[in-house]
Amino acid sequence: MTTIPAVSLTIDAVPVLEQHRFPEDRLEHYLCQHVEGFTAPLQVAQTQGGMSNPTFILTDGAGKRYVMRKKPPGKLLPSAHAVDREFRVISALWNTDVPVARSYVLC
């Protein structure tokens, strides 16, 4: 018999863990300036489980949801946790038949 482990969905979120905190007010300002249609206020929660890069659910003032990924804190190998590479690949695949989420901005 094979067991299938429970998986955390990206909608399963908790408050941002202390070690992953960042200035949310600065992010809100940046998103308002660089993401068309983004409206304040920003709400931030963190997903749990199975992801090597900290992943956050961002909700704007209109209720639109976004996903943000960032490198974890601490010393990293040069090629590890390459969220910039992930952004470039997802952006390049957006207008193809490959199903990917839309990428908005790399900051």
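## Core, sheet and selected residues

In this predicted model, the largest nonpolar core has 12 residues, namely Val-16, Phe-22, Leu-27, Leu-31, Val-35, Phe-38, Leu-42, Val-44, Phe-56, Leu-58, Tyr-66 and Met-68. Two or more residues are given to this core by each of helix H1, strand S3 (55–59) and strand S4 (65–69). In soluble globular proteins, nonpolar side chains tend to be buried together. One of the core members is Leu-27, and once its neighbours within four places in sequence are left aside, Leu-27 is in contact with Phe-22, Leu-42, Leu-58 and Met-68.

The strands form an open sheet of four, in the order S1-S2-S3-S4 and with antiparallel pairing. Strands S1 and S4 lie at the edges, since each of them pairs on one side only. Strands S1 and S2 run antiparallel and are joined by two bridges, and Val-14 has Gln-46 in S2 as its bridge partner.

Two residues with contrasting accessibility are set out below.

| Residue | Place | Relative accessibility | Class |
|---|---|---|---|
| His-20 | loop between strand S1 (13–14) and H1 | 11% | buried |
| Val-67 | strand S4 | 52% | exposed |

His-20 counts as buried because its relative accessibility of 11% falls under the 20% cut-off. Not counting residues up to four places away in sequence, His-20 touches Gln-46, Pro-54, Phe-56, Lys-70 and Pro-73. Among these contacts, Gln-46 is also the bridge partner of Val-14, while Phe-56 also belongs to the largest nonpolar core.

Val-67, by contrast, counts as exposed because its relative accessibility of 52% is over the 50% cut-off. This residue is located in strand S4, which is one of the edge strands of the sheet. With residues up to four places away in sequence not counted, Val-67 touches Thr-55, Phe-56 and Ile-57. The C-alpha atoms of Val-67 and Thr-55 are separated by 6.9 Å, although the two residues are 12 residues apart along the chain. Phe-56 thus appears among the contacts of His-20 and among those of Val-67.

A further feature concerns the backbone: the peptide bond from Ala-40 to Pro-41 is cis, with omega near 5°. Pro-41 is found in the loop that lies between helix H1 (24–34) and strand S2 (43–47).

Terms used:
Residues are numbered from 1 along each chain as its sequence is written. This is a predicted model: local features need pLDDT of at least 70, side-chain atom pairs count only at pLDDT 80 or more; totals for chains, interfaces and linings use all residues. Side-chain values use heavy atoms; hydrogens and water are left out. Buried means under 20% relative accessible area, exposed over 50%, partly exposed in between (1.4 Å probe, protein chains only). Contact means heavy atoms within 4.5 Å. A nonpolar core is a set of buried Ala, Val, Leu, Ile, Met, Phe, Trp, Tyr and Cys residues joined through side-chain atoms within 4.5 Å. Two strands pair if DSSP finds at least two bridges between them.
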